[in-house]
Amino acid sequence: MVRPLVTVRAVPRISVCVRGASLPVVAAPSPGVVVIEMGVQGRPGEAGPPGPSSNRLTGVLGVATSALRCVRIGPDGMFYPADPSLLAGVTPMAGVTLQAGAIGATVEFQRFGALEDAGFAFAQGSPVYCGAGGVLTTIVPAGVLAPMGWALTATKAYIRIDPPIL
C-alpha cells in the first residue's frame with residue numbers, strides 16, 4: 001500500500017490521524033489550523049491471476065451421464081440427467097454437461113454462454129429446451145417446460161437457464 005505524501009505549510013512537527021493512519025506532518029503556526037496536501041498516487045501494482053469462470057463449474061455425477069445433457073442437482077448434492085416429465089426432475093437445474101462420465105466421475109458443466117457441437121441440429125432462432133433424458137432440443141417436450149436458451153445457429157446454442165414453466 002502506498003502512503004499518501006503529506007505536506008504542510010509551517011515548521012513545528014506534530015502527528016495527525018488521516019483516515020485511521022497516524023502520519024507525521026508539519027503544523028501551521030496558527031493555533032488549531034493545519035493545512036494538508038495529498039500527494040499523487042504511485043504506479044498500480046501487478047495484476048493478480050484470473051479467477052475461475054462462473055459459467056463453467058464441476059460436479060460429481062450420481063449416475064453415468066452422456067456429454068451435452070441437461071443436469072439437475074439431486075438431494076444428495078450429486079448431478080443427474082434432467083427429466084422434464086416431473087417438476088422435481090428439472091429443479092434445481094445445474095447446466096449442460098461438457099463431457100460424459102460414470103457414476104462418481106467429476107465432470108464440467110456449463111451454466112450459460114455459447115455452446116457448440118456438430119451433432120446439434122437446431123433451427124436458428126428457436127428456443128432450446130431440456131428434453132427427455134436431458135437432451136437439448138428445440139421440440140417442445142411433454143411435461144414441464146425447462147427453457148435452456150436459444151439456437152444461435154444449427155450447431156450452436158446460447159445457454160441461459162430460465163425457471164421451469166408448468
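Buried residues make up 34% of the 166 residues in the protein, where buried means under 20% relative accessible area, exposed over 50% and partly exposed anything in between (1.4 Å probe, protein chains only). This is a predicted model, so to speak of local features a pLDDT of at least 70 is needed, side-chain atom pairs count only at pLDDT 80 or more, and totals for chains, interfaces and linings use all residues. Residues are numbered from 1 along each chain as its sequence is written, and side-chain values use heavy atoms, with hydrogens and water left out. The protein exposes about 10,000 Å², an area from the Shrake-Rupley method with a 1.4 Å probe, with only the protein chains shown counting as cover for residues. Carbon and sulfur atoms supply 61% of that exposed area.

As for secondary structure, the protein has 0 helices and 14 strands; helices (H or I, at least four residues) and strands (E, at least two) are DSSP runs, numbered from the N terminus. Take the contacts between residues at least 6 apart in sequence, and 48% of them join residues at least 24 apart, a contact being heavy atoms within 4.5 Å.

Five of the strands line up in an open sheet with the order β10-β14-β13-β11-β12 and antiparallel pairing; two strands pair if DSSP finds at least two bridges between them. At the edges sit β10 (112-116) and β12 (136-137), each pairing on one side only. Inside this sheet, β11 (residues 127-130) and β13 (residues 147-153) run antiparallel and are joined by 3 bridges. Pro127 has Trp150 in β13 as its bridge partner.

Thr97 lies in strand β8 and counts as buried because its relative accessibility is 1%. A polar atom of the Thr97 side chain lies 2.9 Å from the backbone oxygen of Ser66. Setting aside neighbours within four places in sequence, Thr97 is in contact with residues including Ser66, Leu68, Val71, Val107 and Phe109.

One of those partners, Leu68, has some backbone interest of its own. Leu68 is found in the loop between β5 (56-60) and β6 (70-73), and its phi is near 60 degrees, a positive value in a residue other than glycine. Leu68 counts as buried because its relative accessibility is 16%. Another loop, between β7 (79-81) and β8 (93-97), holds Pro92. The peptide bond from Thr91 to Pro92 is cis, with omega near -15 degrees.

Phe109, also in contact with Thr97, turns up again among the aromatic rings. There are 3 aromatic pairs, given that rings of Phe, Tyr and Trp (its six-membered ring) pair if their centres lie within 6.5 Å, with planes under 30 degrees apart called stacked, over 60 edge-to-face and the rest tilted. Phe79 and Phe109 form a tilted pair, 4.9 Å centre to centre with 45 degrees between the planes. This pair links distant parts of the chain, with Phe79 in strand β7 and Phe109 in strand β9 (residues 106-110), 30 residues apart. Both Phe79 and Phe109 are buried.

On confidence, the mean pLDDT (the predictor's confidence in each residue, from 0 to 100) is 83, and 76% of residues reach 70 or more. Confidence is highest in strand β14 (residues 156-160), at a mean of 97, and lowest in strand β1 (residues 6-7), at 50. Over residues 7-11 pLDDT stays under 50, and the model has 18 contacts beyond four places in sequence for them. Where pLDDT is low, the predicted coordinates should not be read in detail.

Notes. A polar contact is a pair of N or O atoms within 3.5 Å; within protein, one must be able to donate a hydrogen and the other to accept it, and residues adjacent in sequence count only if both atoms are side-chain atoms.
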